[in-house]
Amino acid sequence: MAKVLEKMSNYSCESVANVTQPVPCPRSMNDVYSTGINLQYYIGDIYLQLAEVSQGELKKQYKKMAVAELETKQKIGEVNNARLNELLYHFYNSGGAIIEPPLSSKQSKAIQPFYNRIMDTFTKQVESSLVLAANGSINPDKLKSMINYDIIEMYTNMSKLFKVDEIVKAFSILITIRQNAR
């Protein structure tokens with residue numbers, strides 16, 4: 001078991017470092033969806049790493065959980081593509097006018113520290129859950145439940161930072177997708 005914890009501890013630190021590298025504060029719906037897609041890869045990678053250090057039925061269950069994360073990522077990608085098509089339609093119908101993000105750069109910079117704090121809190125919660133799963137304190141279903149709760153809580157807290165309806169709506173859509181993926 002110590003070997004599993006050693007592997008998971010190193011992996012989780014690397015994973016957290018990859019996710020918590022400065023993630024720019026979203027300025028549009030598409031930025032929110034990109035964050036959601038990256039998060040799905042992050043969670044899927046965690047499940048795959050757990051599958052690598054597990055055996056038997058646990059290995060199968062973690063692989064199945066990773067595939068479910070990819071399916072959720074695909075749903076977010078579909079919503080993102082629909083939004084991009086809306087923007088293209090608007091762009092061509094307005095004669096090619098530049099579409100400014102609804103959140104200004106100045107507003108984004110003001111929100112960034114709070115956004116980073118929420119992201120850091122989330123990754124620390126995930127890392128704690130990983131340690132519990134790696135040492136056998138919780139089963140894969142409990143891990144999945146904990147991570148789902150943490151993601152929804154993170155999206156909810158992030159949406160409260162913004163006074164831009166478009167961005168709040170994007171977080172709401174991510175929450176709905178996540179809730180339906182349970």
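**Glu69 and its surroundings**

I began with the contacts of Glu69 in this predicted model. Leaving out residues up to four places away in sequence, I found that Glu69 touches Gln40, Ile43, Gly44, Tyr47 and Arg178. I placed Glu69 in helix α3. I then looked up whether Glu69 is buried or exposed. Its relative accessibility is 3%, so Glu69 counts as buried, the cut-off being under 20%.

**Thr72**

I went on to Thr72, in helix α3, which spans residues 56-93. What does Thr72 contact, leaving aside its neighbours within four places in sequence? I noted Gln40, Ile177, Arg178 and Ala181. Gln40 and Arg178 had already come up in my entry for Glu69. I read a relative accessible area of 3% for Thr72, so this residue is buried. For the pair Thr72 and Ile177 I wrote down a C-alpha to C-alpha distance of 7.1 Å, against a separation of 105 residues in sequence.

**Helices α4 and α5**

Next I took up the packing of helix α4, residues 105-134, with helix α5. I recorded an angle of about 175° and axes 10 Å apart. That angle is over 145 degrees, so α4 is roughly antiparallel to α5. By class, I have 14 nonpolar, 3 polar and 2 charged residues in the contact of α4 with α5.

I listed residues on both sides of this contact. From α4 I noted, among others, Tyr115, Ile118, Met119, Phe122, Gln125 and Val126. Further along α4, the list includes Ser129, Leu130, Leu132 and Ala133. On the α5 side I have, among them, Leu143, Met146, Ile147, Asp150 and Ile151. Glu153, Met154, Asn157 and Met158 are also on the α5 list.

**Asp150**

I picked out Asp150, which is found in helix α5, for a separate check. Is Asp150 buried or exposed? I read 8% relative accessibility, so Asp150 counts as buried. Not counting residues up to four places away in sequence, Asp150 touches Phe122, Gln125, Val126 and Ser129. I also looked up the spacing of Asp150 and Val126: their C-alpha atoms are 7.6 Å apart, and the two are 24 residues apart in sequence.

**Ile111**

I then turned to Ile111, whose place is in helix α4. Its relative accessible area is 12%, so I entered Ile111 as buried. Which residues does Ile111 touch, not counting those up to four places away in sequence? I found Cys25, Leu103, Leu161 and Phe162. For Ile111 and Met158, 47 residues apart along the chain, I noted a C-alpha separation of 9.8 Å.

**The chain as a whole**

I counted up the elements last. The protein chain has 6 helices and 0 strands, and from the N terminus on I read the order as α-α-α-α-α-α. Of its 182 residues, 41% count as buried. I put the accessible surface of the protein chain at about 10200 Å², with 53% of this belonging to carbon and sulfur atoms. What share of the contacts with a separation of 6 or more comes from residues 24 or more positions apart? I have 80% for the protein chain.

**Confidence**

I checked pLDDT before closing the entry. The average over the protein chain is 89, and 88% of the residues score at least 70. Where is confidence lowest, and where is it highest? I found the lowest mean, 47, in helix α1, residues 2-20. The highest, 97, is in helix α5, residues 140-159. Over residues 1-5 pLDDT stays under 50, and I noted that the model has 7 contacts beyond four places in sequence for this stretch. Where pLDDT is low, the predicted coordinates should not be read in detail.

Definitions and conventions:
Residues are numbered from 1 along each chain as its sequence is written. This is a predicted model: local features need pLDDT of at least 70, side-chain atom pairs count only at pLDDT 80 or more; totals for chains, interfaces and linings use all residues. Side-chain values use heavy atoms; hydrogens and water are left out. pLDDT is the predictor's confidence in each residue, from 0 to 100. Helices (H or I, at least four residues) and strands (E, at least two) are DSSP runs, numbered from the N terminus. Contact means heavy atoms within 4.5 Å. Buried means under 20% relative accessible area, exposed over 50%, partly exposed in between (1.4 Å probe, protein chains only). Accessible areas come from the Shrake-Rupley method with a 1.4 Å probe; for residues, only the protein chains shown count as cover. Axes are lines fitted to C-alpha atoms, for helices over the stretch in contact, and angles run from 0 to 180 degrees between N-to-C directions. Angles under 35 degrees count as roughly parallel, over 145 as roughly antiparallel, 65 to 115 as roughly perpendicular and the rest as oblique. Ala, Val, Leu, Ile, Met, Phe, Trp, Tyr, Cys and Pro count as nonpolar, Asp, Glu, Lys and Arg as charged, and the others, Gly among them, as polar.
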